Amino acid sequence: MSKIGKQPITLPESVKVETSATAIVFRGPKGELTVPTLPHIKIKITDGKLVFELDDETKQARSNWGTLRALAMNALEGVLTGYEKQLEIEGVGFRAAVEGKDLVLNIGYSHPVRVPAAEGVAFSVEKNTIKVSGIDKYLVGQVAADVRALKKPEPYKGKGIRYKGEVIRRKAGKKVAGTT
């Protein structure tokens, strides 16, 4: 039995859910998300709860059960409150700005780096913090990872782009290693 899959999802009043054979559509105050259904899972809406039931007792069916429930819960949370990832820029002369919907980064290259905003994702910048927000959890995380990959934090001085709260393991430099 899937510990996740057997838990029903309570649907708030502000969210409308439609189910079909191929997808579950969530409509809420922040927008609309569609979650494709997985094989061997039956979806029912009873008493304001979204319930997932197994159609088959195979290993793949049990895996799909918990996965589909988790994807549906992420979509519900997205249309209700949305998701946000925060990135910090550290380094002398490193800056970020929003131009239109795009993010423009000055991160030590000879040219500014322009990151186009994906559909459903918004950027905002305050001092040295970049906020990536949207309703799709996967898309927000992927865009934040793409921005971080442009200039990963280096281990000697810690310069680069990192997630807020991420700890960078520092290495000793040449001076410290040479004196011992």
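In what order do the 3 strands of the open sheet with β1, β5 and β6 lie? The order is β1-β6-β5, and the pairing is antiparallel. The model is predicted.

Start with this sheet. Its edge strands are β1, residues 9-10, and β5, residues 41-46. Each of these edge strands pairs on one side only. Strand β6 covers residues 49-54 and is joined to β1 by 2 bridges. The two strands run antiparallel. One pairing can be named: Ile9 has Leu50 of β6 as its bridge partner. Helix α1 packs on this sheet and touches β1, β5 and β6. The direction of α1 makes about 165° with that of β6.

Turn to another sheet. Here 3 strands form an open sheet in the order β2-β3-β4, again with antiparallel pairing. At the edges stand β2 (16-19) and β4 (32-36). Each has a single partner strand, so one side of each is left without a neighbour in the sheet. Neighbouring strands are turned against each other by 15° on average, with direction ignored. Strand β3, residues 23-27, pairs with β4 over 5 bridges in the antiparallel sense. Within this region, Arg27 stands opposite Glu32 of β4. Helix α1 packs on this sheet too, touching β3 and β4. Its direction makes about 175° with that of β4.

Now look inside the helix. Helix α1 spans residues 59-80, and Arg69 lies in it. Is Arg69 buried or exposed? Arg69 is buried, yet it has no salt bridge. The nearest side chain of opposite charge belongs to Glu77, 8.6 Å away. A salt bridge would need a side-chain nitrogen within 4 Å of a carboxyl oxygen, which means that Glu77 does not supply one. What does the side chain of Arg69 reach at 3.1 Å? It reaches the backbone oxygen of Gln7. Beyond its neighbours within four places in sequence, Arg69 is in contact with Ile4, Gly5, Gln7, Pro8, Ile9 and Phe52. Two of these names link back to the sheet with β1: Ile9 is the residue whose bridge partner is Leu50, and Phe52 falls in the range of β6, residues 49-54.

Two loop residues deserve a check of their backbone. Most residues other than glycine have a negative phi. His40 is not a glycine, but its phi is positive, near 75°. His40 sits in the loop between β4 and β5. It counts as partly exposed because its relative accessibility is 32%. Asp47 also has a positive phi, about 55°, although it is not a glycine. Where is Asp47 placed? It lies in the loop between β5 and β6. Asp47 is exposed, with a relative accessible area of 78%.

Last comes a residue further along the chain. Glu88 has its place in strand β7, residues 83-90. Which residue has its C-alpha atom 5.7 Å from that of Glu88? It is Ile161, 73 residues apart from Glu88 along the chain. The contacts of Glu88 include Ile161 as well. Leaving out residues up to four places away in sequence, Glu88 touches Asn128, Gly160, Ile161, Arg162, Tyr163 and Lys164.

Methods: Residues are numbered from 1 along each chain as its sequence is written. This is a predicted model: local features need pLDDT of at least 70, side-chain atom pairs count only at pLDDT 80 or more; totals for chains, interfaces and linings use all residues. Side-chain values use heavy atoms; hydrogens and water are left out. Helices (H or I, at least four residues) and strands (E, at least two) are DSSP runs, numbered from the N terminus. Buried means under 20% relative accessible area, exposed over 50%, partly exposed in between (1.4 Å probe, protein chains only). Lys and Arg count as positive and Asp and Glu as negative; His and the chain ends are not counted. A polar contact is a pair of N or O atoms within 3.5 Å; within protein, one must be able to donate a hydrogen and the other to accept it, and residues adjacent in sequence count only if both atoms are side-chain atoms. Contact means heavy atoms within 4.5 Å. Two strands pair if DSSP finds at least two bridges between them. Axes are lines fitted to C-alpha atoms, for helices over the stretch in contact, and angles run from 0 to 180 degrees between N-to-C directions.
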